[in-house]
Amino acid sequence: SLLQRLHQQYEAIGRRAESHCAVLLHNYRCHSGILRLSSSLFYNSTLQSMVPDDITHPDAPCSLLFVSSSLDASTDYTPRDVDTAEAILVLDQVKRFVDTWPYREWNKRNLETICVMTTSSNQKTLIRNLINTKYRSLKQISVLVAYDMQGTEYRALFLSTLEYTLSDGRVSNPTKSICDPYVFNTAMTRAQSLV
């Protein structure tokens with residue numbers, strides 16, 4: 001990134017450029033459990049969460065939860081079947097989260113503080129269509145593609161990680177892929193309480 005290159009240039013100059021270089025180590029958005037992952041993967045474990053740990057969902061065992069589908073890889077599914085199964089799985093988790101909203105800890109339920117992040121605009125459209133037809137109670141949540149996450153902040157972030165690859169195993173647009181470390185880091189650090 002531009003900031004990384006500038007930082008490297010200043011470091012190369014030496015001590016006289018130190019006053020022009022700052023690394024922000026305090027994070028005022030993410031729960032420590034979320035920040036720990038980004039900090040260890042991208043920042044040599046130097047980031048510190050300044051957010052109280054009581055912002056977590058009381059029913060969530062930790063701030064990072066992983067859920068997978070039970071689609072059998074040996075069965076022939078069309079891409080649309082897989083897309084739909086992934087979207088339903090994610091929306092079921094969002095609904096479960098909303099239904100168990102901790103009013104006492106977080107006050108009034110605010111669906112605008114929830115986001116589903118997808119890897120493609122096609123998956124975004126499918127999820128939005130499912131919300132408009134089968135998950136109408138979730139109409140206020142945001143649905144964004146990973147590369148649109150910069151500058152946003154949410155109480156909870158649900159990642160739809162379905163991403164098709166080319167025949168050689170690479171993603172079609174690596175700079176917009178959730179597999180890209182910068183996109184992944186940006187997405188992860190948009191959540192306050194739960195990913």
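Is F158 buried or exposed in this structure? In this predicted model, F158 has a relative accessibility of 11%, and since buried means under 20%, F158 counts as buried.

The surroundings of F158 lead to the aromatic rings, of which a search of the whole structure finds two pairs. In one of them, the ring centres of F97 and W101 lie 5.9 Å apart with their planes at 75 degrees, and because an angle over 60 degrees counts as edge-to-face, this pair is classed as edge-to-face. F97 and F158 form an aromatic pair that is likewise edge-to-face, with 5.7 Å from centre to centre and 70 degrees between the planes. This pair links distant parts of the chain, for F97 belongs to helix α3 (residues 79-99) while F158 belongs to strand β5 (residues 154-159), and the two are 61 residues apart. Taken together, F97, W101 and F158 form one aromatic cluster. F97, with a relative accessibility of 5%, counts as buried, and W101 is buried as well.

Elsewhere, a pair of helices can be followed. Two packed helices are described by the angle between their axes and the distance between the axes. For helix α2 (residues 32-42) and helix α6 (residues 181-188), the axes come within 10 Å and cross at roughly 155 degrees, and α2 and α6 are therefore roughly antiparallel to each other. Their crossing is left-handed. On the α2 side the contact is made by I34, L37, S38, L41 and F42, and on the α6 side by P181, F184, N185 and M188; by class, the contact of α2 with α6 has seven nonpolar and two polar residues, and no charged ones.

Notes: Residues are numbered from 1 along each chain as its sequence is written. This is a predicted model: local features need pLDDT of at least 70, side-chain atom pairs count only at pLDDT 80 or more; totals for chains, interfaces and linings use all residues. Side-chain values use heavy atoms; hydrogens and water are left out. Rings of Phe, Tyr and Trp (its six-membered ring) pair if their centres lie within 6.5 Å; planes under 30 degrees apart count as stacked, over 60 as edge-to-face and the rest as tilted. Buried means under 20% relative accessible area, exposed over 50%, partly exposed in between (1.4 Å probe, protein chains only). Helices (H or I, at least four residues) and strands (E, at least two) are DSSP runs, numbered from the N terminus. Axes are lines fitted to C-alpha atoms, for helices over the stretch in contact, and angles run from 0 to 180 degrees between N-to-C directions. Angles under 35 degrees count as roughly parallel, over 145 as roughly antiparallel, 65 to 115 as roughly perpendicular and the rest as oblique. A crossing is left-handed if the near helix is turned anticlockwise from the far one by less than a right angle, and right-handed if clockwise. Contact means heavy atoms within 4.5 Å. Ala, Val, Leu, Ile, Met, Phe, Trp, Tyr, Cys and Pro count as nonpolar, Asp, Glu, Lys and Arg as charged, and the others, Gly among them, as polar.
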